[in-house]
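Trainee: I should like to go through this structure with you, beginning with the chains as wholes and then turning to a single element. May we start?

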Amino acid sequence: MKILVAVKQVAALEEDFEFRADGRDVDGDFLVMDLNEWDDYSLEEAVKIKEACGGAVEIVAVSVGPPTVDEALRKCLAKGADRAVRIWDEAMRGSDSIAVARILAAAARAEAPDLLFAGVQSSDQAVAATGIATAGFLGWPHAAVVSQFTYTPGAATAVLRRELEGGLLHELEIRTPAVLTIQLGINTPRYASLRSIKQAAAKPIELRTLADLSLNAAEAGSSARVRRMYVPDKGRAELIEGSAAEQAKRLAAIIRESTGAA
Amino acid sequence: MSRSEAVTRILFEAFPAAEVRLFYVLGFAACAAFAYGVYVQVRKYRRGAPAALAGGMWPRLGWMIARVLDHRTVERRDPAAGGAHRLIFYGFTLLFIGTATITLQYDILEPLFGVRFWYGRFYLVFSLVLDLAGVALIAGLLYMMVRRGWLKPPKLDYARPDRSPGDPDFDRPQYRREDWAFLWLLLIIGATGYVLEAARLVWLQGRADVWDTRWWSPVGALLAAALRGVGLGPAGGGALRHGLWWFHGLIALGFIALIPYTKVKHVFTAMGSLMVRDPLAAQRLARIPESQAAPGVAAITDFTWKQLLNLDACTRCGRCHEACPARAVGAPLSPRDVILSLREFAHATLESGTLPAAAELNVHGKSPGQVAQETLWSCRTCMACVEICPVAVEHVPIIVQLRRKLVEDGAMDPLLAKTLATIHKTGNSFGESRRRRGAWTKALPFPVKDARREPVDVLWFVGDYASFDPRNQKVTQTFAALLAEAGVDFGILYDGESNAGNDVRRVGEEGLYEVLADANVAALGSATFNRVVTTDPHSYNTIRNEYPDFGGRYPIEHYTTLLERLFAAGRLKVTQPLRYRVTFHDPCHLGRFNQGYEAPRQLLALLGCELVEMGRCRSNSFCCGAGGGRIWIPDPAGGEKPAQNRIKEAAAIPGLQVYAVSCPKDLTMFEDALKTTGNEGKFVVREIIELVREALPLAAPAGAHA
């Protein structure tokens, strides 16, 4: 029994930040990198399945990204993943969710897991497509926004609940292998002590290239590219107080100001 | 035989040889039972992990003997019990030495070397001393009985805050029975000793060497007079003496045999514990040895032999129970019960011939003898228990070792886990960006030096709360202004500084502490400075006591001593004395941990404040509740918080105007408690730094200084 957990290292903005010279992203100096919050939950869900059955489950954390991603993968190893796989090629730089899904699907074919977990979305890009697109490329059953999951290793099906709008829940039975995107709150992710993270540093992280996955550069690249990233101009709001006459006067002034008639 | 040699202790006189032999057989049996008990105890300690002891053997021995003799640790905060214990101790010890001396002559020196000294004047003086020792012993025992039976101090109530009524180990009546049995046994030994002596006198009243010297045993002589008064004659006296001799002798031998199996063993274990005491037990926690596979303590055998000895030294005196801030507000923790639980656990598992299976050695849980998570997470590591323990039990390192295991298992409050992850990611507990650590300096009218770029005289280690908490930032800015006005050449590490790690370490996250300590030692190493100052007692403690283990040795002081010196040197002058009625809260990490009791008080006096002490002050200061990482764990709703308990204590001071603190976390905790206890408006909470500022209003416009 094997569970593949697709994880992503996400970027969080510092309070003051600057854009990169090309204007297409924030300068890396102003980003704090960490494991995507949703992935913490999907990894925990995998570890719980492993613990519940006494260990005959292999958990493989997989991520697409440059060497800096190793830190996020080490955290997964510290929290209970048995192996970590990082897939990288310069052709993958800046790839969108669909390209990443194509890469993950190739990795899943190579690993042949019984389940593939992904987070519902990533906190930095929030496309929420990677997991489900991976299922599409694999042609596997899938469920999104899973908030409860019951599975006995070896069983042909799993039972899950997923969140719908308006407080409704869906309960479904799904055939394995399947792809599930895991929602926050499905469990309580464990704390990875620094000691376990340090010990995980000694474990190898397996590297896969395009060739290893029999992909070509075009398949790994994005079909969309970011043109620019920017902070929109801020609107303005003002509560006008005072008597009706004062309010009217202020309103007139604002209108003159905004139409350039001042 | 000369007249004086005839004046001696009557031993086996008129005993048939068979009875004497029987007595020796029983005596050896008692010694054998004692020796076996000692062997079992020593084997138990040896089943613990190795322990490294700091300092030399002889100074430790000297310190222990001095404490045993002066009883200083026993009488603290309970002089009556301490005094009674002193009477029992000296009484018992003298009587023991007396009996041992008889054996020395009768069984060793005389038969082997023909040496006799137990006669004449020596015997008479000794007889007087032992008679008085008996009085001391009985007086002490009677007070202890009155104390247990009538005074009933709450600290002697064995009901546990971490168990519920109905639990098998809730209030442990067997402890009460043992306490009383111990007192009665000693009392009976002492009392029968006197009656025995009196019976002997009545029996031998015809012998001048005995009768004429009887007043050297005044209590015995008085009792003899009384016995004669009620009609006892020599023959009756002889019979009574024979019977009582056996009774007294048998319970005395029984007492010796029972020592290693009962609370009486504290006479040895307490001495051992005092001797292996670590004066920095709570201030400087132990690193995890490289060779240790799993951090912390999971099994009872993971404790060191020294900690197992600590467990056995506990006398259930309840002083730690009384001092514990968590216990005082109803949290499920009593340091006494952690120790007693673990002792029961060690007794049940480590005293048998073969060690039970590993699974039965796990000390974490809720079964009798185990320690629950909630109990461990209630601890503030404020050191009140360690500080007051008369027999040097070191509770805090034991609790932190247990927590290390919980941290490794992730068994902690989710908010705490989140905070630890945040500290790892950003280097501070506020989750702020590293580069904002020095942002508070932007509001100052002068630049603050970056100590990594230019040499400074004083390196100011600012700490998390003083750097990021908006309320504390004001204090931080004020302190910077005071330093500038006094012409102190100072600088900070800006984003090179990380959380000092004091509380992270006390939470039990040793791996993260190592990262933080290494980072700060590296940052401090990149700066050139003469000494370190900090306004944060937590940072002060870990840098002062724990960074040396990470290669960082710096002269460091808390701001209170620096300001005091600046005043003494005339570099700061009070221009507007304050005349406030203030009370001062000793921060645990400044006071108890590092004896910084005087400087804050002297500053308050310099400012013209009238200091009214709270009942719990100095070494008995009551923790604000933030220590040991508790500031990152929400307190249960509804219950009283330690800070509220403390503010209520201060509120009882008539006419109090200012509650002075000298710790950033104290400012946060007590301003909050002032509001939640409804005391807002009655008095204010102020950092001493703010009071100094108030007494030295800015003479020159801002920015005018160098």
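Mentor: In this predicted model, residues 24 or more positions apart supply 70% of the contacts in chain A with a separation of 6 or more. For chain B, the corresponding share is 81%.

Trainee: How many helices and strands does chain A have, and is it spread out or compact?

Mentor: Chain A contains 7 helices and 11 strands. The globule rule gives 18 Å for its 262 residues, whereas the radius of gyration is 23 Å, well over that value. Chain A is therefore, relative to a compact globule, more spread out.

Trainee: What percentage of the residues in chain B is buried?

Mentor: Chain B is built from 29 helices and 9 strands, and its C-alpha atoms occupy a box of roughly 100 × 60 × 50 Å along the principal axes. Of its 706 residues, the buried part amounts to 45%.

Trainee: Is strand S10 of chain A largely enclosed or open?

Mentor: Strand S10(A) covers residues 178-182, and 5 of the 5 are buried. Ala178(A), Leu180(A) and Ile182(A) point one way, Val179(A) and Thr181(A) the other. In a regular strand, side chains alternate between the two faces of the sheet. Because each of its residues is buried, S10(A) is largely enclosed.

Trainee: Which residue in S10(A) is the bridge partner of Phe117(A)?

Mentor: Strand S6(A), residues 115-119, runs parallel to S10(A) and is joined to it by 5 bridges. Strand S7(A), residues 142-150, is also parallel to S10(A), with 3 bridges, and there His142(A) stands opposite Val179(A). For Phe117(A), the bridge partner in S10(A) is Leu180(A).

Technical notes: Residues are numbered from 1 along each chain as its sequence is written. Chains are lettered from A and ligands numbered from 1 in the order in which they are written. This is a predicted model: local features need pLDDT of at least 70, side-chain atom pairs count only at pLDDT 80 or more; totals for chains, interfaces and linings use all residues. Helices (H or I, at least four residues) and strands (E, at least two) are DSSP runs, numbered from the N terminus. A residue is buried if 20 or more other C-beta atoms lie within 10 Å of its own, exposed if 12 or fewer, and partly exposed in between; C-beta atoms are placed from the backbone. Two residues are in contact if their C-beta atoms, placed from the backbone, lie within 7 Å. The radius of gyration is taken over C-alpha atoms; the globule rule is 2.2 Å times the number of residues to the power 0.38. Two strands pair if DSSP finds at least two bridges between them.
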